[in-house]
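Q: Hey, could you walk me through this structure? I'm new to this, so plain words please.

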Amino acid sequence: MTADAEPVHRLAGLLRANGDTLVRRWVDTAVEELRGRSTGQELERDFREFYTALTPVVEETARGGAADLGELKSLLEEYSRTRVKQGFTPSETAVSVFSLKRVVFELTESDDDPKLFREVLAFSSLLDGLGLFTFEIYARAREEIINEQSEQLLELTTPVVKIWEGVLAVPLVGTLDSARTQVVMEKLLEALIETGSDQAIIDITGVLAVDTQVAQHLLKTVVAARLMGAECVVSGIRPQIAQTIVALGIEFGDIVTKASLADALRHALRREGVDVVRQAGRTG
Amino acid sequence: MTTAGSAGPEELRIAADEDVVRVRQAVRNCAQRVRLSLVDQTKVVTAASELARNTLIHGGGGLARVEEVVDGRRRGVRASFHDEGPGIPDLTLALADGWSSGSGLGLGLSGSRRLVDVFELDTEPGGGTTVTVVKWTR
Ligand SMILES: Nc1ncnc2c1ncn2[C@@H]1O[C@H](COP(=O)(O)OP(=O)(O)OP(=O)(O)O)[C@@H](O)[C@H]1O
Ligand SMILES: [Mg+2]
């Protein structure tokens with residue numbers, strides 16, 4: 001392309017010439033679509049920034065080159081992430097992008113230059129792509145939030161409780177991934193020291209599956225506790241878990257296991273020298 | 001044997017610890033859909049957990065594919081695990097109980113083979129590893 005050629009890219013020209021008007025209409029359209037969930041002021045700043053980054057991309061696309069979408073995408077990413085935190089749905093976020101199409105269509109619809117028409121089509125699919133991109137960001141951001149929360153939950157849901165003088169219990173619940181099992185086990189060992197306990201019951205009634213990694217964490221904890229002078233009992237191994245452990249070939253060696261937490265507690269108390277006796281019914 | 005079911009195959013990336021949990025959940029959901037017994041559900045979920053973790057740890061990450069399968073009146077869960085990692089140089093060793101190139105128990109491969117009905121392992125030194133397992137309803 002020579003420097004003195006006519007500016008053949010009409011859409012880019014229009015976008016540049018009508019910047020202020022288009023942005024204002026875009027903001028108005030989006031506010032309307034969002035039914036007052038956002039004010040024009042909030043949107044104006046973001047839209048203007050986006051618009052400024054968009055114009056050179058449209059030019060480049062019309063020239064047939066592969067435009068660099070990097071800046072647009074990072075602006076959109078920031079915009080979408082803020083919206084996720086504010087509780088907007090992904091469609092509401094995508095609509096902000098799509099409503100620019102409407103505004104541009106309105107500007108160009110009375111013009112029947114086929115070249116402009118092609119440019120508008122390309123522009124439209126560019127915005128479609130960017131709109132979908134906001135969906136992707138939404139999904140990713142949601143996932144991050146969920147991960148964050150589950151990490152917090154991890155900290156909260158590992159209760160090591162002292163159920164008797166010298167006896168601790170940890171009920172394990174749900175899906176055990178290695179991070180979680182490790183946290184629980186570390187907490188248990190710490191609590192043994194802090195409370196001066198010499199027995200621990202690890203109850204796995206609520207656990208969905210025990211694989212080699214979980215088993216290994218369990219085994220290591222039991223050995224570590226033993227080195228600290230404490231004994232662990234594993235309770236609540238349900239039938240399906242027992243069968244799976246056997247088929248996997250995991251050996252629990254000389255670790256004491258009990259069917260239920262109650263059995264484990266009775267076992268622990270006996271070792272503490274406490275006998276639990278059912279009171280005989282009164283004889284009349 | 002054909003793939004079937006209202007829900008198509010589900011593909012999941014395995015790149016981090018939490019992906020292993022996600023694969024496990026996908027397999028559990030699928031096992032419940034085809035109505036495997038509780039014992040068989042737990043078995044196939046545990047096998048998937050082992051294989052997904054091998055993909056992550058030994059294969060350097062990869063892809064899991066989970067789907068329903070039908071064979072006559074039987075329904076089942078098929079899960080396959082693919083990576084482009086180093087492959088397994090000595091299969092006999094890797095499939096032996098208690099052998100691990102790392103510090104694992106060395107029961108993941110051999111154990112999960114015992115937990116499922118079909119166990120196919122395709123590997124080549126330097127050419128990645130694919131393991132496919134199926135668990136049928138009874
Ligand atoms: N996808 C894979 N790519 C490369 N090597 C693998 C793969 N899967 C397994 N292996 C090799 O096979 C060995 C045995 O695997 P296996 O799962 O039985 O044991 P492990 O993973 O070492 O320990 P664990 O009992 O905790 O699973 C591994 O130590 C590893 O060397
Ligand atoms: Mg393994």
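A: Sure, one term to start with: helices here are DSSP runs of H or I with at least four residues, and they are numbered from the N terminus. With that, we can place Ala242(A) in helix α9 of chain A, residues 239-248.

Q: Is Ala242(A) buried, exposed or partly exposed?

A: Ala242(A) is partly exposed, at 29% relative accessible area. The C-alpha atoms of Ala242(A) and Ala209(A) are separated by 9.8 Å, and the two residues sit 33 residues apart along the chain.

Q: Okay. And where does the model come from?

A: This is a predicted model. What it scores is ipTM 0.88 and pTM 0.65.

Q: What's the average pLDDT for chain B?

A: Chain B averages 93, and 95% of its residues score at least 70.

Q: Which elements of chain B have the lowest and the highest mean pLDDT?

A: Strand β1 of chain B, residues 2-3, has the lowest, with a mean of 60. The highest belongs to strand β6 of chain B, residues 129-136, with 98.

Q: While we're on chain B, how many helices and strands does it have?

A: Four helices and six strands. If you read along the sequence, the pattern goes β-β-α-α-β-β-α-α-β-β.

Q: And how much of chain B is buried?

A: 51% of its 138 residues count as buried. Ser110(B) is one that fits: its relative accessible area is 4%, under the 20% cut-off, so it counts as buried.

Q: Where is Ser110(B)?

A: In helix α4 of chain B, which covers residues 108-115. Ser110(B) and Leu95(B) are 15 residues apart in sequence, but their C-alpha atoms are 4.9 Å apart in space.

Q: New topic: salt bridges. Why would side chains pair like that?

A: Side chains with opposite charges can pair when their charged atoms come close.

Q: How many salt bridges are there over all chains?

A: The count is 27. One of them joins Arg16(A) and Glu59(A), whose closest N and O atoms are 3.0 Å apart. That pair links distant parts of the chain: Arg16(A) is in helix α1 (residues 10-17) of chain A and Glu59(A) is in helix α3 of chain A, 43 residues apart.

Q: Got one inside a single helix?

A: Yep, Glu136(A) with Arg140(A), at 3.8 Å from N to O. Both lie in helix α6 of chain A (residues 114-156), four residues apart, about one turn of the helix.

Q: Are those two buried or exposed?

A: In between. Glu136(A) is partly exposed at 46% relative accessibility, and Arg140(A) is partly exposed too, at 36%.

Q: What about salt bridges in chain B?

A: Try Glu67(B) and Arg65(B), whose side chains meet at 3.4 Å, N to O. Glu67(B) is buried, with a relative accessible area of 6%, while Arg65(B) is partly exposed at 30%.

Q: Which residues are linked with them in a network of salt bridges?

A: Glu11(B) and Arg78(B) are in the network along with Arg65(B) and Glu67(B).

Q: Now the surface. Which residues form a negative patch?

A: Glu49(A), Asp68(A), Glu71(A) and Glu78(A). Asp68(A) sits in the loop between α3 (40-62) and α4 (70-85) of chain A. Its relative accessible area is 64%, over the 50% cut-off, so Asp68(A) counts as exposed.

Q: And which residues make a nonpolar patch?

A: Val161(A), Ile163(A) and Trp164(A) make one of about 240 Å². Trp164(A) is in strand β1 of chain A, residues 161-164, and Trp164(A) is partly exposed, with 39% relative accessible area.

Q: Last thing: what is the phi of Arg35(B)?

A: It's near 65°, a positive value in a residue other than glycine. For background, most residues other than glycine have a negative phi.

Q: Where is Arg35(B) found, and is Arg35(B) buried or exposed?

A: You'll find Arg35(B) in the loop between α1 (17-33) and α2 (38-57) of chain B. Arg35(B) is exposed, with a relative accessible area of 71%.

Terms used. Residues are numbered from 1 along each chain as its sequence is written. Chains are lettered from A and ligands numbered from 1 in the order in which they are written. This is a predicted model: local features need pLDDT of at least 70, side-chain atom pairs count only at pLDDT 80 or more; totals for chains, interfaces and linings use all residues. Side-chain values use heavy atoms; hydrogens and water are left out. Patches are made of residues with over 30% relative accessible area and no salt bridge: like charges are joined within 9 Å, nonpolar side chains (Val, Leu, Ile, Met, Phe, Trp, Tyr) within 5 Å. Accessible areas come from the Shrake-Rupley method with a 1.4 Å probe; for residues, only the protein chains shown count as cover. A salt bridge is a side-chain nitrogen of Lys or Arg within 4 Å of a carboxyl oxygen of Asp or Glu. Lys and Arg count as positive and Asp and Glu as negative; His and the chain ends are not counted. The place of a charge is taken as NZ of Lys, CZ of Arg, CG of Asp or CD of Glu. Helices (H or I, at least four residues) and strands (E, at least two) are DSSP runs, numbered from the N terminus. Buried means under 20% relative accessible area, exposed over 50%, partly exposed in between (1.4 Å probe, protein chains only). pLDDT is the predictor's confidence in each residue, from 0 to 100.
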